[in-house]
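Let's take a look at the charged side chains here and see who pairs with whom. Have the sequence and the model open as you read.

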Amino acid sequence: MSALAELLAEGRQKRVCSGAAWSVGGPEGPLERGWTGTRSWDGPVLDGDDVWDLASVTKPIAGLAVMALVERGALGLDDTVGAHLPRYRGGDKAELTVRQLLTHTSGIPGQVPLYRDHPTRAALLEAVRLLPLTARPGTRVQYSSQGFIVLGLIAEAAAGDPLDTLVERLVCAPLGLRDTVFRPDADRRARAVATEDCPWRGRTVVGEVHDENAVVLGGVGGHAGLFATLADMERLGAALAAGGRGLLRPDTLALMTAAHTDHLALRRALAWQGRDPVGSPAGEVFGPDSYGHTGFTGTSLWVDPATRRYAVLLTNRVHPTRTGDGIVALRRAFHDLAAQVPPVAAGARHRVE
């Protein structure tokens with residue numbers, strides 16, 4: 001058993017998650033991949049074809065679609081919200097830019113449970129529009145799912161297509177991602193890994209987006225909603241490790257993944273997290289120019305352009321409850337080990353039941 005397999009099997013034993021899948025590799029594909037555990041605590045054993053709720057890993061994937069629009073000239077990083085969304089004109093968000101939304105420096109507040117008081121898509125979107133800014137734009141990194149909801153609306157307006165169509169056309173189809181979707185169909189739901197025993201819904205969530213605001217939006221948002229398999233995520237990781245192959249020109253990806261907020265306390269790229277000086281989920285071994293993103297359900301994708309290495313970790317750490325914090329240390333330890341997987345492990349596969 002590899003060190004990564006041992007680490008994630010131990011994570012299951014400590015009840016951080018019922019199951020985990022992982023892939024570490026480079027432009028040519030995985031160096032090591034595997035899975036351990038079950039889809040739920042009383043469910044079937046993982047088989048590698050399992051479907052995972054990516055949660056906020058949706059953000060950089062939607063961001064890739066946004067950057068494809070930028071590359072094609074349909075959208076500009078300094079375009080304002082009001083230029084694309086007429087309803088926002090005259091309000092406090094009218095002059096916010098696409099760049100500020102992508103870097104979480106817009107001043108739009110972060111994780112607001114709007115679903116509790118706004119049970120329809122129209123009502124929730126109106127509530128997002130009316131949220132007061134909590135910081136002067138460009139002065140503070142404040143993680144904002146609401147900002148990415150607005151970003152998704154801008155992408156739709158600029159392209160004239162729904163966000164799920166854009167992600168499929170600009171990200172999934174070019175890479176051959178067969179199971180990366182919003183709103184999984186019956187086949188994918190049957191392969192889905194359980195997330196939370198949700199108090200709001202009164203049941204364990206399986207094959208339905210975990211994020212409650214995304215539920216009200218119909219399962220599609222710039223901030224959450226995508227599901228994927230391990231195979232799809234490693235294809236995405238390999239493309240990023242190769243400098244954007246099949247997705248974006250190398251210069252566009254370099255712009256997207258460069259640090260844009262070094263003058264602020266936290267390091268953020270365009271839709272990606274940079275490696276913060278302290279407490280980064282990337283651990284201590286991935287390089288200073290590495291980038292990635294995490295998801296609340298226990299997912300993550302991290303890439304180091306210097307070593308051309310990606311690391312994918314998929315878990316259901318919110319199952320059956322979101323209260324545990326064991327994923328923080330587990331994720332950092334995973335990335336430290338992933339950065340050191342030797343090339344001689346090419347093609348290795350580890351499975352623990």
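## The overall tally

There are 26 salt bridges in total, and keep in mind that this is a predicted model. Side chains of opposite charge can pair when their charged atoms come close. A few of the pairs are worth walking through one by one.

## Linking distant parts: E196 and R322

E196 and R322 pair up in a salt bridge, with their closest N and O atoms 2.8 Å apart. E196 sits in strand β5 (residues 194–198), while R322 is in the loop between β11 (309–315) and α12 (326–338), so this pair ties together parts that are 126 residues apart in sequence.

How buried or exposed are the two partners? E196 is buried, at a relative accessible area of just 4%, whereas R322 is partly exposed at 31%.

## Within one helix: R235 and D232

Here the pairing stays local. R235 and D232 are both in helix α10 (residues 230–241), three residues apart, or about one turn of the helix. Their side chains form a salt bridge with an N to O distance of 2.9 Å.

In this pair, the acid is the buried partner: D232 has a relative accessible area of 2%, and R235 is partly exposed at 28%.

## R191, D187 and their network

R191 and D187 make a salt bridge too, at 3.0 Å from N to O. R191 is buried, with 12% relative accessible area, while D187 is partly exposed at 47%.

Both residues belong to a wider group: salt bridges with shared partners join D49, D179, D185, D187, R188 and R191 into one network.

Methods
Residues are numbered from 1 along each chain as its sequence is written. This is a predicted model: local features need pLDDT of at least 70, side-chain atom pairs count only at pLDDT 80 or more; totals for chains, interfaces and linings use all residues. Side-chain values use heavy atoms; hydrogens and water are left out. A salt bridge is a side-chain nitrogen of Lys or Arg within 4 Å of a carboxyl oxygen of Asp or Glu. Buried means under 20% relative accessible area, exposed over 50%, partly exposed in between (1.4 Å probe, protein chains only). Helices (H or I, at least four residues) and strands (E, at least two) are DSSP runs, numbered from the N terminus.
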